[in-house]
Amino acid sequence: MICGSRISQQVRECNPRQFGIGCGSGSSCFSRGRAPQRQIRRYAFWFRCRNTACFTKFNPLTKGVPYAAVASSSLVASNSDEIPGVCFGNSDCCRKYSSETPARSDVLGENGGCPASQGLSPVAGGIVALGKFDALHIGHRELAIHAANIGVPFLLSFAGIAQVLGWAPRVPVVAECDRQRVLSSWTPFCGNMTPKEFQLEFSSVRYLTPQQFVAKLAEELGVRGVVAGENYRFGYKASGNASDLVRLCNEYGMIARVIDCVMDKNQAPSQTLTGSSKEQGQVSSTQVRHALAIGDMKYVLELLGRPHRLVLRYEDAFIDGKRRLFVPRSCFLNLPPKDGVYKQCSLIIGDGDTLPLRADIDAKCIALELDANKVYPDIISTHSVQILAIDFEG
């Protein structure tokens, strides 16, 4: 027991090499197979106790003190920590989409390392799934499941790619304020753990070789292991593949798991729109975007493993009569489906109550029409309406 915190058994099993700790008595360096010898950096670590704001100092080279003292079990989201599903709530939790880099959990900048206020990387001792995680589809969920089977799961992606590479910003598939709801829905699949998101600034890793990138994960971030898909590429100019990832992780004392890509078992029309031959038949965010572009909501449902949710800011909306609500496109917080009429939709209210409605999307706005038994004035007077959430059932 340290500060009343139970140390995670998963982190007890971590390899001390990933923290730059030497093996053997009095040795100042160690060997990683064919890798060149590296100088040990001897310093103490600080770690946060569960449910506390304190940090406890730990010297990993002191006899009799287990390596488990760098525990990161406090990073597992409990049910009380989860953000409730987005529906009618405070508008501060959702914001208009812009080209600015979103803040998802923690973002480490170009200087690398850990925030000074924490002293330890938020992902230290955890298992990171590697990917872009745009749509949070069933392929991404599978990565999270495999990470959770090994230890504390995280989704590691890169912030600022569009800005660095000069790409035009794209409206996200999942509204930024709705991502936590989706991750919370994965909890039953992940051993009752909710994956957390973590981002590195793309500018800080863009020119790293595959070996330098893995070294960053192991030595700066203290990652215990990684999970990636079989087609994962990394390092400068995507020079590293999944085999390189396994080899380098082994050299740096980390666990590595490469899993098969989740394939689409249905031959849906939107598959033919995929631009890359590498993604043919594979569940991907590109597939999700194309399925939304042609309005194939049944296919979107299969790719996401859930109904697509469109999140809207209520400002500038207006009611026509009692049963029709119009919301301009400027209030959309994520990607809508193709213009058209969608009869199988639901309006999400309060803690998850739903009302069936019909959605009509055109170039200017979305019109939401309720059943005859419900009227918008009653709903608006009952709830503090600032955010609307529409599920497209397919």
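Helix α6 (residues 210-220) is largely enclosed by the rest of the structure, because 8 of its 11 residues are buried, buried meaning under 20% relative accessible area, exposed over 50% and partly exposed in between (1.4 Å probe, protein chains only). The helix label, like that of the strands, follows DSSP runs (H or I of at least four residues for helices, E of at least two for strands), numbered from the N terminus. The buried residues of α6 are P210, F213, V214, A215, K216, L217, A218 and E219. After α6 comes G222, with a positive phi near 70°.

The model is a predicted one, in which local features need pLDDT of at least 70 and side-chain atom pairs count only at pLDDT 80 or more, while totals for chains, interfaces and linings use all residues. Residues are numbered from 1 along each chain as its sequence is written, and side-chain values use heavy atoms, with hydrogens and water left out.

Turning to internal space, a search of the whole structure gives 2 cavities of 30 Å³ or more. A cavity here is a set of points, on a 1 Å grid over the protein atoms alone, where a 1.4 Å probe fits but cannot get out; lining residues have an atom within 4 Å of a point. Grid points are joined across faces, edges and corners, and the volume is the space filled by probe spheres set on the points. The second largest cavity has a volume of about 30 Å³. Its lining consists of V173, V174, A175, D178, R181, R306, P307, H308, R309 and N334. Sorted by class, this lining has 4 nonpolar, 2 polar and 4 charged residues (nonpolar: Ala, Val, Leu, Ile, Met, Phe, Trp, Tyr, Cys and Pro; charged: Asp, Glu, Lys and Arg; polar: the others, Gly among them).

Two of the lining residues, D178 and R181, also pair through their side chains in a salt bridge at 2.6 Å, N to O, and both are buried. In a salt bridge, a side-chain nitrogen of Lys or Arg lies within 4 Å of a carboxyl oxygen of Asp or Glu. The whole structure holds 12 salt bridges.

Helix α7 (residues 242-251) offers a neat pair of examples around R247, which sits 3 residues from D244, about one turn of the helix. The closest N and O atoms of R247 and D244 are 3.5 Å apart. In the other direction, E251 lies 4 residues from R247 in α7, again about one turn, and the two form a salt bridge with closest N and O atoms 3.6 Å apart. R247 counts as partly exposed because its relative accessibility is 36%, whereas E251, at 11%, counts as buried. Elsewhere, salt bridges with shared partners join R323, R324, R358 and E369 into one network.

Strand β16 (residues 365-370) contains I366, which is buried, with a relative accessible area of 0%. I366 and R329 are 37 residues apart in sequence, yet their C-alpha atoms are 7.1 Å apart in space.

At the surface, V164, L165 and W167 make a nonpolar patch of about 260 Å². V164 belongs to helix α3 (residues 161-165) and is partly exposed, with a relative accessible area of 32%. Patches are made of residues with over 30% relative accessible area and no salt bridge, like charges being joined within 9 Å and nonpolar side chains (Val, Leu, Ile, Met, Phe, Trp, Tyr) within 5 Å. Accessible areas come from the Shrake-Rupley method with a 1.4 Å probe, and for residues only the protein chains shown count as cover.

Terms used: On a 1 Å grid over the protein atoms alone, a cavity is a set of points where a 1.4 Å probe fits but cannot get out, and a pocket is an open set with protein on both sides within 12 Å along at least five of seven lines; lining residues have an atom within 4 Å of a point.
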